[in-house]
Each structure stands twice: as structure tokens, then as C-alpha cells.
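Hi everyone, thanks for making time for this one. I'd like to walk you through a chain I've been looking at, starting with how it packs and ending with its charged pairs.

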Amino acid sequence: MDLDVFVTAHRAEWDRLDTLLGRQRRLTGAEADELVVLYQRAATHLSLIQSSAPDPQLTGRLSQLVARARSAVTGTRRASWRDVTRFFAHSFPAAVYRSRHWWVPTALLSTLVAALLGWWIGTHPEVQATIAAPSELRELTRPGGQYETYYSSHPAASFAAQVWTNNAWAAALCLILGVFLGLPVLWILFQNMLNLGVGIGLMSSAGRLDTFLGLVLPHGLLELTAVFVAAGTGLRLGWTLIDPGPRTRRSALAEEGRAALGMAIGLALVLFVSGAIEGFVTPSGLPTWARITIGVLAELVFLVYVYVVGGRAAREGETGDVEQAERSAAVPTAA
């Protein structure tokens, strides 16, 4: 593209659009129609320049012009309870459902890795010796030891808030860092599975694996599922950079990135629930079967929410992206 020729050919349209946007009086019907047409043309011009001949100064001017025009055409939109309802009833569960081919294998493989690590640590005393001294290991695994008292070491409310913050941050990192080809996500996921594997290995070597699982399962089922969803979605985002499909790499990354950021909000709520279970149910005096039952029920509710509500929304065309009116205009591309 010859940028100078392009600018000369369309400058008058951009100036006219700027003039219409600067009008203090109300536009006539003909002027309003003209503004819409010029806005659509300017958005197309902006996309062409960004993809063919990026020029920072021109791109900045057109971006500002298109943003002003878009605001004038669509009007100022405020978030409402309708948006909240749409997000939790359609966007979020549909986004999780669409990512199931990534996070379900991620969950299965990660669980297998944690189990293998636990078996390796539990059956090899020399590996345990590299983790801590024998006296420290006994303090960790004995009845009333640190593994058991960890969940009741702080007031329930503050402990739940701390757990929620840490887990939500880890999930957000998986979603955000997925753009780096998913490599940081794999590291975060491995660290989580290593921590779980160490607990399984040490407690099984002490003959107290049932106690450990009784403490972990009530909150861990939902918590780990949320982490797996975040990790799987982050890996999918990284793969989008490699294979965007029929979309341009820019538009594919924008669409999947917006959906991933939305999922961060939804998963924060899911992790809030698991944090509440960890803070109030796990250290409670309820029988082990009752605590595990609460965890299983929370997990089943989430899976039904994803596969029933999310599946229906996905089949209706919901992708988890923002509504069409909120997206930037783009030049159509051939498949």
C-alpha cells in the first residue's frame, strides 16, 4: 500500500467525519446517516493501515477518530444487572465449556503427574530425605502435625480470604501468561502438582494417606478444577498464536484473550466458593464423609453448570467474548 496515496484519497472523508463529530447542534437525519457511513469507512481504513502499512501517527489519529465516532453512533453504554446476568448465565459457562477439550486433558494428565510424584516420594526414603530432615517430616505427618493443623492455624474468615487471593492470582496468571505460548502455564501447573504430590507421598509413607485426602478433597476438588480450567484456557490461548485458524492472528488473539479475561472473573467466584469451603468446612468438626460430600456436591454443581448451562449457551453461538456491539470493527478476511 502506498500510504501517501491512501491518505490523499481518504483525508476528506476523515475531515468530514471529524467535522460531524464536532457539531454542537443535533445532526439532521441525512447527517446522521452520513456519520454512520463515514464511521464504517474510517474503521475499515484503520484496519487496512494496521495490517498493511502501520504508521504510529496516522494510526493514533484514526483510532481516536473511530473511537469518537463509535461512541456517537452506539451511544454511551453503562454496565447493568443485565450484563451480570448474561455473563454468569451465558458467557462464562460457555467459555469454560468451549475450552473443555483443553482443560479436561490438562486435569487428567496433571492428576496423573501428582499421583506419580506422590508414589515416587512415598516409596523412596532417599527422596524424602531431600525434602526435609526426619524430625521435620515426623512433625509434618504425625497426628495433630502441621498437615492437619494448617487448615485451622488462622481464623476461618481470614484463612479463606488468604486462600482465595492466592488461588485467584494463580488462576489469573495461567490465563494471562498463556499468551507466551503456554510455557509459564506449564510451570505454574507443575508447581501445584508437585506440592500435591509431596503431600500425598509424605502422608502415604506415614500410613496416613486417608487423613490427607480427607483434608484435601472437600475444597480441593473444586479448587483444582478451577486451576485446571485456567491452565487449559491459558494453553489454548498460547496455541492460538501458533494456529489461529481461519481468523487473522490479531483477531483470534483478541477474541480468545477477551474470553480468557472474562473467565478470570468467573473463576475468581468459583475459587471464592472453594476458599470458603477450605476455611470453614475442611477444619470443621464434621465427619470426614460429610466434609467430602460437601466438596463432591460443590464439584458436581460446577460441572452441571458448565456442561448443561454452558453447553446450551455454546450451541446457541455464545463464545464468551463481549457482545458484538462492544467489539472493534475489523476487515473481513477470506477463509
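Before we start, one cut-off that we'll need later: a residue is called buried when its relative accessible area is under 20%, exposed when it is over 50%, and partly exposed in between. And please keep in mind that what you see is a predicted model.

Let's begin inside. The largest nonpolar core holds 51 residues. If you want to find its best-connected members, look for F92, V96, Y147, L196, L202, F212 and L267, which have the most contacts inside it. Several helices give two or more residues to this core, among them α4 (81-98), α10 (183-205), α12 (249-281) and α13 (288-315). Which helix gives the largest share? That is α11, with 12 residues.

Zoom in on V96 for a moment. Setting aside neighbours within four places in sequence, V96 is in contact with W103, V229, M263, F302 and V306. Apart from this core lies another one, of 18 residues, and L35, L46, L58 and L65 are among them.

Now over to the N-terminal helix, α1, which covers residues 3-21. Helix α1 bends by about 50° at H10, and H10 is also one of its buried residues, along with F6, V7, W14, L17, L20 and L21. What do these buried residues pack against? Their partners are α2 (29-52) and α3 (56-74).

On to the charges. There are nine salt bridges in the model, and I've picked three. The first joins the side chains of R68 and D18, at 2.7 Å from N to O. R68 sits in helix α3 and D18 in helix α1, so this pair ties together parts that are 50 residues apart in sequence. R68 is partly exposed at 34%, and D18 is partly exposed at 33%.

My second pick is R98 with E256, whose closest N and O atoms are 3.8 Å apart. Here R98 belongs to helix α4 and E256 to helix α12, so the pair links parts 158 residues apart in sequence. This is where our cut-off comes in: E256 has a relative accessible area of 9%, so E256 is buried, while R98, at 26%, counts as partly exposed.

The third is E139 with R142, with 3.1 Å between the closest N and O atoms. E139 is partly exposed at 30%, as is R142 at 37%.

One last thing to look at: salt bridges that share partners join R98, R236 and E256 into one network. Thanks, and I'm happy to take questions!

Conventions: Residues are numbered from 1 along each chain as its sequence is written. This is a predicted model: local features need pLDDT of at least 70, side-chain atom pairs count only at pLDDT 80 or more; totals for chains, interfaces and linings use all residues. Side-chain values use heavy atoms; hydrogens and water are left out. A nonpolar core is a set of buried Ala, Val, Leu, Ile, Met, Phe, Trp, Tyr and Cys residues joined through side-chain atoms within 4.5 Å. Buried means under 20% relative accessible area, exposed over 50%, partly exposed in between (1.4 Å probe, protein chains only). Helices (H or I, at least four residues) and strands (E, at least two) are DSSP runs, numbered from the N terminus. Contact means heavy atoms within 4.5 Å. The bend at a residue is the angle between axes fitted to the seven residues ending there and the seven starting there. A salt bridge is a side-chain nitrogen of Lys or Arg within 4 Å of a carboxyl oxygen of Asp or Glu.
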